[in-house]
Protein chains: 4
Amino acid sequence: MDKLQDILNEITATLATREERGKPADYIPPLAHVSPQHFGIAVALNEGGLFTAGEADLPFSIQSISKVFTLTLALGMYGDALWRRVGREPSGSAFNSIVLLEQEKGIPRNPFINPGALVVADALLAHARAPRETIGEILRFLRFVSDDETISADPLVARAEKATGFRNAALANYLHSWGNLMNPPDHVLGVYFHHCAVTMSCAQLARAGGFLANAGRNPVTGRSVISSVRARRINALMMTCGHYDGSGDFAYRVGIPGKSGVGGGILAIVPGVASVAVWSPGLNANGNSLLGSEALEMLSHRMGWSVF
Amino acid sequence: MDKLQDILNEITATLATREERGKPADYIPPLAHVSPQHFGIAVALNEGGLFTAGEADLPFSIQSISKVFTLTLALGMYGDALWRRVGREPSGSAFNSIVLLEQEKGIPRNPFINPGALVVADALLAHARAPRETIGEILRFLRFVSDDETISADPLVARAEKATGFRNAALANYLHSWGNLMNPPDHVLGVYFHHCAVTMSCAQLARAGGFLANAGRNPVTGRSVISSVRARRINALMMTCGHYDGSGDFAYRVGIPGKSGVGGGILAIVPGVASVAVWSPGLNANGNSLLGSEALEMLSHRMGWSVF
Amino acid sequence: MDKLQDILNEITATLATREERGKPADYIPPLAHVSPQHFGIAVALNEGGLFTAGEADLPFSIQSISKVFTLTLALGMYGDALWRRVGREPSGSAFNSIVLLEQEKGIPRNPFINPGALVVADALLAHARAPRETIGEILRFLRFVSDDETISADPLVARAEKATGFRNAALANYLHSWGNLMNPPDHVLGVYFHHCAVTMSCAQLARAGGFLANAGRNPVTGRSVISSVRARRINALMMTCGHYDGSGDFAYRVGIPGKSGVGGGILAIVPGVASVAVWSPGLNANGNSLLGSEALEMLSHRMGWSVF
Amino acid sequence: MDKLQDILNEITATLATREERGKPADYIPPLAHVSPQHFGIAVALNEGGLFTAGEADLPFSIQSISKVFTLTLALGMYGDALWRRVGREPSGSAFNSIVLLEQEKGIPRNPFINPGALVVADALLAHARAPRETIGEILRFLRFVSDDETISADPLVARAEKATGFRNAALANYLHSWGNLMNPPDHVLGVYFHHCAVTMSCAQLARAGGFLANAGRNPVTGRSVISSVRARRINALMMTCGHYDGSGDFAYRVGIPGKSGVGGGILAIVPGVASVAVWSPGLNANGNSLLGSEALEMLSHRMGWSVF
């Protein structure tokens, strides 16, 4: 796999010269000040070995990438019953749109748009009873799948999101008005803002996604996280819904499942082969990392990793 | 005007036998238990004289009828500058729809749908600084226009609305996310729920609306409330937007400006002639008093009061 | 009524100097070339007398103003049964929007937006059987109400609308797909484009609207056109729906019922008093005559003609 | 591959006993009378060999499956320039919705919903000039990729669709009104209805899809149809958009790219392995073959063919 390392180096070198780097999310103050010059990438192969390039060890705010893990956790608790409260279809609209929610009477289209993730957070809360406990459970799960006890949430980011998150508060209250939240909106938002505020590096994130690439089992520790069927299904959701209103484009250009976050990170899965994490804070028009998407397109092309 | 009294008596007698009386609003617990058997009507003539029939002295929750008075108050403070934050067009959708708000980037279509009234409440708050102060100001204004110091808000209703008002909380947070609230959503909702919880009888309400029928001046006390142009304009808004998604139908059948509330009250204005209040708690499909609308249709027809 | 003539002259003089005159509709080629410098106004009083100023005798394309007359005709044929196929509520969206039509399953919101007028044309067709016959019937009705045998449709305008009217063809086919057209879309469009292509002057139009101002009876000939109740109701519809998405604003500023056309004409009714026609080809953002609206605002203000 | 034949036989036997078989499309008369008892399946392996079960040689109306082939043809003519006129994102709404088209100003969300396929038909027309010529070109292409000169369109079905296709006529006229059709709506609809009326058996369809499973090259004849990159990209579009508003569910349950038609057929691609066609006329709520989807889910599961 020298070839893989060479490819990662080339990609990193190519993108280092890129002038058009997108714009960091500006609505969460601590994220607005992160430089778009950052770039890191990490690949964790199922067969073993972690390959990195750029700032792969610098922690960043994983934001919506966390939704992959909260969904995994909630499916473990509720199984398919979870799908009574949230759909599995691409949304055809922006990540924080409230319009579809009215049309669909409070059932969010999928667990990766904000209202869907709020429902998942509510489901986790119902299980654990208290926001603090639930946040603890999510963190323990992240530490378990990544085999790394240092992972935690950044309280400053969580607080900043709470202070500015009126759109998410609108969504939570709206879901409650449709009877699709069991807990007080404030509690659900607390859990949601905290899991979005989790900080990880590309290296940590690539390792954390390993079980999705490896039929539900952590390829390093060998510990089973979920069944292989469920792993496949989560990958399918990442393919159709993982990039908001740019999911079709990502599938078309990159050809592997992925989930992006407004912090500029993307977790992508090459089923049976590898888990990949990339980070560059500048976003494109759909709110996905501009250089991150490009890096994954190059990597998928060079390695022949498209599932299609 | 013996004729008017006879007509009111006949209308009341006719509707007393009506079996189909609509359904009281069920989402605000204290309102859900009000019997749909109630009916009252009061007419305050500009030339003097208050004519009533039925339970015209029984107080009820005026709910959205209060929006006519908060709008009047806010126009007095801000003048036409208020229209930068809220439109003057019928909405073509339900009173608590959030869809149009997304399309119109946080500018509610008119001050009588819930998001528009929240913006008006926010404007009043900005003027008075504290929710308690603002609520006081609104109550003082209602007492002034109705020349009745006993008018107050029902704290149980306000609290019940707060406890169940997730849809309104969604709207307030959503408006804030578009930058169209200046105050914390909680404060705005506090003011809003309190003015909706004001309790008045038909007799009080008919007197309170007198200034709108009388070119801006209270016909009893003679005190000027607003200019005649502004009174006409508020009447125009009541005509086009006063009955949510049933405004066109009300104009078509009744032919005078009116504003309804989910408590089952309607305030209707016969410009130059009279202010009318009617109350019956059962609502039609659009959320307007079923028998109240009918009573006004009969009254308008019998008295030749249609403006058309 | 010397005063009325003076006021009309003053309004015409004031607006003659106006530089911002709006933009003529550009999507119907023959209308695009009409100069925005034109201005005419005519007032037909119920008590007798036609007062005019500016180019009140120059014929122009009445376009959507014709919908008032086709609606009157269809109500005469079908009575309230017509309302099963078309609503009576303001639309909250542009005159040719197709969105609401999907939400409301093929029932247009009101007879003055394009899809509603297509349903009315279809109803007229069903009565008369052939497009040519139906167009003849509409023209005869217009000649009857205006007491003027010279009124006709401009075949060049009708043909131009047909050649460019893909949006209306979309609406007609869409209505048919919902089962709310009985006749082939092409026939319905033929009738629609022809009645929109009728040419009238302000003087003719003011006389044609007389029956709406005079309780259903032509004030000059004394002939009854419709019942007084129906006249009132058509006026109510003009108030709530007559200016597309600017209806609320027109009611607020002018305070009388009116119906505009993209040719720059507006027919306005002062119930019990007068029928007014105004024409200036430049349109505002909502597709209504810019100077025409202003002229009516001035006239209503100066004469105290607001119904509110 | 005895195992494959056994699995196909088992699936066919299992589904033969199924009582709930969905409902054939009823809006195209000739399709409404096809019995939901039919079931056929065919698998064409890249490595050679065609495996079938049930009525795999009975021809049926491929309907929207044809959109895969017209898209392939249009991409061959225009390359990525085609994407200026049509998007690549899932639509989040029904296959014939007109709402999104208004929001997105006449650019359909993807080439597999009806308006997108109309734009593709228009692009093909612009290349060939006449509807008859264009239809001929599409048929020649289908015969080429399936290596079968007998493939043709059913004129009765094409005519029936034309006679009842008001919704599609609405879409075509609407696209034209936005300037996104170059040819007269009638011509575009003619081409569209004809390619939807193509009749093929499962065996023929599985062979026709072979190039998509085999990196762009027909696995039997060895002839190159498109580049391997383009084949992958078309597969990606089938994954995210191939089943209308049930695309996410199909990806989740079946895990391979597929395109359904309202005739009850589905073409599914196992990249690098096989092209699969299945047919059963009863549809589920999203308009996709009920038993066909289930058969593919079983097949994918038993063979381990999910790409995830």
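## Where chains A and D meet

Two residues are in contact here if their C-beta atoms, placed from the backbone, lie within 7 Å. Keep in mind that this is a predicted model. With that cut-off, chain A puts 29 residues in contact with 29 residues of chain D.

On the chain A side, two helices each supply at least two of the residues that touch chain D: α12 and α13, the latter covering 247-253. Of the elements on this side, α12(A) gives the most, with eight residues. By residue type, the side of chain A facing chain D breaks down into 12 nonpolar, 10 polar and seven charged.

## Two domains in chain A

Now for the inside of chain A. Domain 1 is built from two stretches, 2-62 and 200-303, and domain 2 takes up 64-198. Going by C-alpha atoms, the centres of these two domains of chain A are 21 Å apart. Their contact draws on 34 residues from domain 1 of chain A and 32 residues from domain 2 of chain A.

Which elements of chain A each supply at least two residues of the domain 1 side that touches domain 2? They are the helices α2 (29-32), α10 (202-208) and α12 (228-241), plus the strands β6 (258-260) and β7 (265-270). Here too α12(A) gives the most, this time with six residues. So α12(A) turns up on both sides: it supplies residues to the side touching chain D and to the domain 1 side touching domain 2. As for residue types, the domain 1 side of this contact in chain A has 19 nonpolar, 11 polar and four charged.

## A small sheet in chain C

Over in chain C, three strands form an open sheet in the order β3-β5-β4, with antiparallel pairing. The edges belong to β3 (60-61) and β4 (152-153) of chain C; each has a single partner strand, so one side of each has no neighbour in the sheet.

A closer look at one pair: β3(C) and β5(C), the strand at residues 198-200, run antiparallel and are joined by two bridges. Within this pair, Ser61(C) sits opposite Thr199(C) of β5(C).

## How chains B and C are related

What turn lays chain C on chain B? A turn of 180 degrees does it, with a shift of 0.0 Å along the axis and an RMSD of 0.0 Å. That is the relation of a two-fold axis. Both copies use the same surface, as 100% of the contact residues of chain C recur in chain B.

Notes. Residues are numbered from 1 along each chain as its sequence is written. Chains are lettered from A and ligands numbered from 1 in the order in which they are written. This is a predicted model: local features need pLDDT of at least 70, side-chain atom pairs count only at pLDDT 80 or more; totals for chains, interfaces and linings use all residues. Two strands pair if DSSP finds at least two bridges between them. Helices (H or I, at least four residues) and strands (E, at least two) are DSSP runs, numbered from the N terminus. Domain bounds come from an automatic or database domain assignment. Ala, Val, Leu, Ile, Met, Phe, Trp, Tyr, Cys and Pro count as nonpolar, Asp, Glu, Lys and Arg as charged, and the others, Gly among them, as polar. Copies are superposed by least squares on the C-alpha atoms of residues with pLDDT of at least 70 in both.
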